[in-house]
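Me: I'm new to this one and would like a close look at a single part of it. Here is what I have in front of me.

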Amino acid sequence: MRKAGIIVFPGTNCEYDTYYAITGVAGYKAEMVWYKDVEFLDDYSFLVIPGGFSFGDYLRAGAIAALTETASRIADYAHNGGIVLGICNGFQILTEMNLLPGAFLKNRTCRFVSRWTFVRVEDVSSPFTNMFEKGELCYIPIAHFDGMYYKGSEDVRVAFRYCDGDGNVSLESNPDGTKDNIAGVLSTGGNILGIMPHPERAVEPILGGTDGLKIFLSIINFVENIR
């Protein structure tokens, strides 16, 4: 069996949750890789950049991690078609690397937000969403301070949007002021996903829900059966 690579930077704090979601629940092999130990990434069937506060989020969230040699190797992996999932701080890192469009600002409340949210699946044609139905609702928690996603006039490929329990997209269902209620963005080629909610925290009933598991199962289905 091939394996997933979970990239760990100083300040990353969701690597064990992500490892458990992939190995303990989804049943796929994975290993955590300290950023200074990254040499070859081609052996991994997909990569995950988990949440946390890489390098303390000094300068900007994800900015320092994006300047490391590891980031250059992740970029090479992605440019060669590798599957890369960035969760929360991982999403921020991917935008700082210019692998995904847009940028992040502080939440509109200027406060850290930690709660469960509904998101609506907008694109089911990607490696990360192939086991979903278009319009399907997922209940997944968020935990971030710099979560206001901003894009300019450029088009982006939206994977998930914040919504209410009936699937309605509105200001009231937007937890952080993010542009167009965007909760997750795909690269043009579809092999990179950045998502602000934490799917690794929604993989078992005891955690409060299992909707996040489908993202990991979709990736595994793609790399093992579709690709």
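Leaving aside its neighbours within four places in sequence, which residues is Val84 in contact with? Please take your time and tell me about the surroundings too.

Reply: Before we start, bear in mind that this is a predicted model, where local features need pLDDT of at least 70 and side-chain atom pairs count only at pLDDT 80 or more, while totals for chains, interfaces and linings use all residues. Residues are numbered from 1 along each chain as its sequence is written, and side-chain values use heavy atoms, with hydrogens and water left out.

Now to your residue. Setting aside neighbours within four places in sequence, Val84 is in contact with Leu47, Ile49, Ile74, Tyr77, Ala78, Leu94, Phe128, Asn191, Ile192 and Leu193. Contact here means heavy atoms within 4.5 Å.

Several of those partners lead to helix α2, residues 69-79. Helices are DSSP runs of H or I with at least four residues, strands are runs of E with at least two, and both are numbered from the N terminus. The buried residues of α2 are Thr70, Ala71, Ile74, Ala75, Tyr77 and Ala78; buried means under 20% relative accessible area, exposed over 50%, and partly exposed in between, using a 1.4 Å probe and protein chains only. Looking down the axis of α2, you find these buried residues within an arc of 160°, so they line one face of the helix. That arc is taken from the directions that run from the helix axis to the C-beta atoms. Some background helps: an α-helix has 3.6 residues a turn, so residues three or four places apart point the same way. Glu69 and His79 are exposed, on the face of α2 turned away from its buried side. The buried residues of α2 pack against β1 (3-8), β3 (44-49), β4 (84-87) and β11 (192-195). Just after the helix, Gly81 takes a positive phi of about 95°.

Those strands bring us to the sheet. It is open, has nine strands with mixed pairing, and runs in the order β2-β1-β3-β4-β11-β10-β9-β6-β7. Two strands count as paired if DSSP finds at least two bridges between them. At the edges stand β2 (29-34) and β7 (137-144), each with a single partner strand, so one side of each is left without a neighbour in the sheet. From one strand to the next, the twist averages 25°. Angles like this run from 0 to 180 degrees between N-to-C directions, with axes as lines fitted to C-alpha atoms, for helices over the stretch in contact.

A few pairings are worth finding on your screen. β10 (residues 182-186) and β11 pair in the antiparallel sense over three bridges, and Leu186 stands opposite Leu193 in β11. That Leu193 is also one of the contacts of Val84. Helix α3 (residues 89-96) packs on the sheet, touching β3, β4, β10 and β11, and its direction makes about 115° with that of β4. Further along, β6 (residues 113-121) and β7 run antiparallel and are joined by eight bridges, with Ile140 in β7 as the bridge partner of Thr117. β6 also pairs with β9 (residues 157-163), in the antiparallel sense over four bridges; there, Arg120 has Arg161 in β9 as its bridge partner.

Val84 also belongs to a bigger picture. The largest nonpolar core has 68 residues, and those with the most contacts inside it are Ile22, Phe46, Val84, Leu85, Met97 and Phe160. Such a core is a set of buried Ala, Val, Leu, Ile, Met, Phe, Trp, Tyr and Cys residues joined through side-chain atoms within 4.5 Å. Helix α4 (residues 213-226) supplies the largest share of this core, seven residues.

Ile22 takes you to helix α1 (residues 15-25), whose buried residues are Glu15, Thr18, Ala21 and Ile22. They cover an arc of only 135° around the axis, which puts them on the same side of α1. The buried residues of α1 pack against β1, β2, β3 and α4. Just after α1, Gly27 takes a positive phi of about 75°.
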